[in-house]
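Good morning, and thank you for joining. Please bring up the sequence and the model, and we shall go through it together.

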Amino acid sequence: MKKLLCLTMAVLMLLGLVACGSSGNSETQPQEVGLQAGFGRADVSPLAPAPMGGYGDSDTRLSSYIMDETYATCVALKMGEEIFLIFTVDAISCQDSVANRLRDSIKSELGIPQSNVIVGATHTHSGADWNGATSSGCIKAARDAIADLAPATMLAGTTKLENMNFVRHYLMNDGTYYGSNFGSTESGFKAHALEVDNEMSLIKLEREGKKAIWMVNWQAHPASAARQQDYNGISADFVGYVRKKVEMEAGVHLAYYTGASGNVNPRSQIDGETPATSSTYQSYGATLGEKIIEAMEDLQPTEGTEMKTANNKFVVEVDHSWDHMAADAAKVVGVWKQQGLEAGHKLAREYGFSSAYHANAITSRSIYKGEQTKTLTALRVGSVAFINNDYEMFCDHGEHVKENSPFDVTFVITGCSGYIANEAAYDYRSYESDTSPYVKGTGEKLAEEMARLLNTMK
């Protein structure tokens, strides 16, 4: 009997220990964490005179003062052990080779795979060319974004913004083409060569106890600040004023990503035809900011938080049909650099080029041998996707990508390192097609490949 009692007590004690152990494990076991988001930003404004891109003369155009600061911004998204970094930098461009070096540095310093990193440029024509300080700023922004990670709820959607931008190609009644950064509605104007993409994509990342993170994807050339006396002033252009407006009034972090804007300019008069100038880019940015704040009210929660990546190499063919005129093109470029742009344009027309810019492109094309290979990167977070390339795509190409994406909202993020014109622009010999090094049809092939890559992640 005594032995039976001892055995019974031992069994009861053992069951109690098991129960206590089970209860303890449930309390100490880490809870599953869903989507997390973080934000980082670093000032990349040059401290000394620096080459400025935007008008084909970055070897002679140096910054002399800072109108407003330029930044590298990073949004970090995390699910489980997977981390995505999505950069936007106030610079004229981010070439594929530059982005890949940054990805390598991030892999080395932060342990994040190259395939999980997207790098876009806002394409401000008043920013410094990408340099070592720009890359260092990106690393700092990434570290800060990772340190800032917190549980987040993602909402997303799109909105149509009428009369905010326009295609800067004009077809005239006499069948000719007119195009410039300033546009024209003079006598003889018939129509815009193409309908503009006026769709903005938006994401809101709500975080408990921390500022929300807003992300917007919009297509318009930030080329308004660099006018006359402001030609050598560093500025984020209207993008900077969008940030100021939104962040001050909404109390959030904002990341602005430039979309397919190769042939798109902003309007200064919202109800008119005239594009922005140096005296109005601030008001354009403020107006765009107001519209973003309003549109964020209508976003809906996204479906799922699964994170996936897709990467590919896109092979492009360089147009060498003008190589036989490379020597004449070099003469034009020499006159441009020595005597100024107007003198270069004059000599260019004498030689049969459309402009000094055209001649400059010919000298660049002769350097390329054979095909070029570029990186395409796509990221998916539930029903939202991001896709990136280093080109300055036309808006109809961007529309094609979004329309053929299997996701509810798609950000088309560009590095803006060179024009890829549409086929129509080659037919009427636009400025962009003349200065692009690629053969006709490349833009359409790129848009198809980007849509295909997105569909591999559905």
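Helix H9 passes helix H12 in a right-handed crossing. The model is a predicted one, and in it H9 covers residues 395–403 while H12 covers residues 442–455. Their axes come within 8 Å and cross at roughly 25 degrees. Since angles under 35 degrees count as roughly parallel, H9 and H12 are therefore roughly parallel to each other. On the H9 side, the contact is made by His397, His400 and Val401. H12 contributes Gly443, Glu444, Ala447, Glu448, Met450 and Leu454. Cys395, the residue at which H9 begins, is buried, with a relative accessibility of 0%.

That cysteine brings me to the matter of disulfides. How many disulfides does the count come to? The count is zero. Take Cys74 as an example: its sulfur lies 8.1 Å from the closest cysteine sulfur, that of Cys138, which is too far for a bond. A disulfide would require the two sulfur atoms to be within 2.5 Å. Cys74 is also buried, at 0% relative accessible area.

Let us turn to the nonpolar cores. The largest of them has 30 residues. Which residues have the most contacts inside this core? They are Trp214, Trp218, Phe238, Leu288 and Ile292. At least two core residues are supplied by each of the following elements: strands S11 (199–207), S12 (213–218) and S14 (253–258), and helices H4 (238–250) and H5 (281–295). H5 provides the largest share, with six residues.

Trp214 merits a closer look. Leaving aside residues up to four places away in sequence, Trp214 touches Ile203 and Lys204, then Val246, Ala250, Val252, His253, Leu254 and Ala255, and finally Ile292, Ile293 and Met296. Apart from this core there is a second, separate one of 26 residues, which includes Cys74, Val117, Val119 and Ala121. The buried Cys74 of the disulfide discussion thus reappears as a member of that second core.

My last stop is Glu306. Where is Glu306 found? Glu306 sits in the loop between strand S16 (300–301) and strand S17 (307–317). Is Glu306 buried or partly exposed? With 44% relative accessibility, Glu306 counts as partly exposed, because that class lies between the limits of 20% and 50%. Not counting residues up to four places away in sequence, Glu306 touches Arg380, Val381 and Gly382. The C-alpha atoms of Glu306 and Gly80 are separated by 9.9 Å, although the two residues are 226 residues apart along the chain.

Thank you for your attention.

Notes. Residues are numbered from 1 along each chain as its sequence is written. This is a predicted model: local features need pLDDT of at least 70, side-chain atom pairs count only at pLDDT 80 or more; totals for chains, interfaces and linings use all residues. Side-chain values use heavy atoms; hydrogens and water are left out. A nonpolar core is a set of buried Ala, Val, Leu, Ile, Met, Phe, Trp, Tyr and Cys residues joined through side-chain atoms within 4.5 Å. Buried means under 20% relative accessible area, exposed over 50%, partly exposed in between (1.4 Å probe, protein chains only). Helices (H or I, at least four residues) and strands (E, at least two) are DSSP runs, numbered from the N terminus. Contact means heavy atoms within 4.5 Å. Axes are lines fitted to C-alpha atoms, for helices over the stretch in contact, and angles run from 0 to 180 degrees between N-to-C directions. Angles under 35 degrees count as roughly parallel, over 145 as roughly antiparallel, 65 to 115 as roughly perpendicular and the rest as oblique. A crossing is left-handed if the near helix is turned anticlockwise from the far one by less than a right angle, and right-handed if clockwise.
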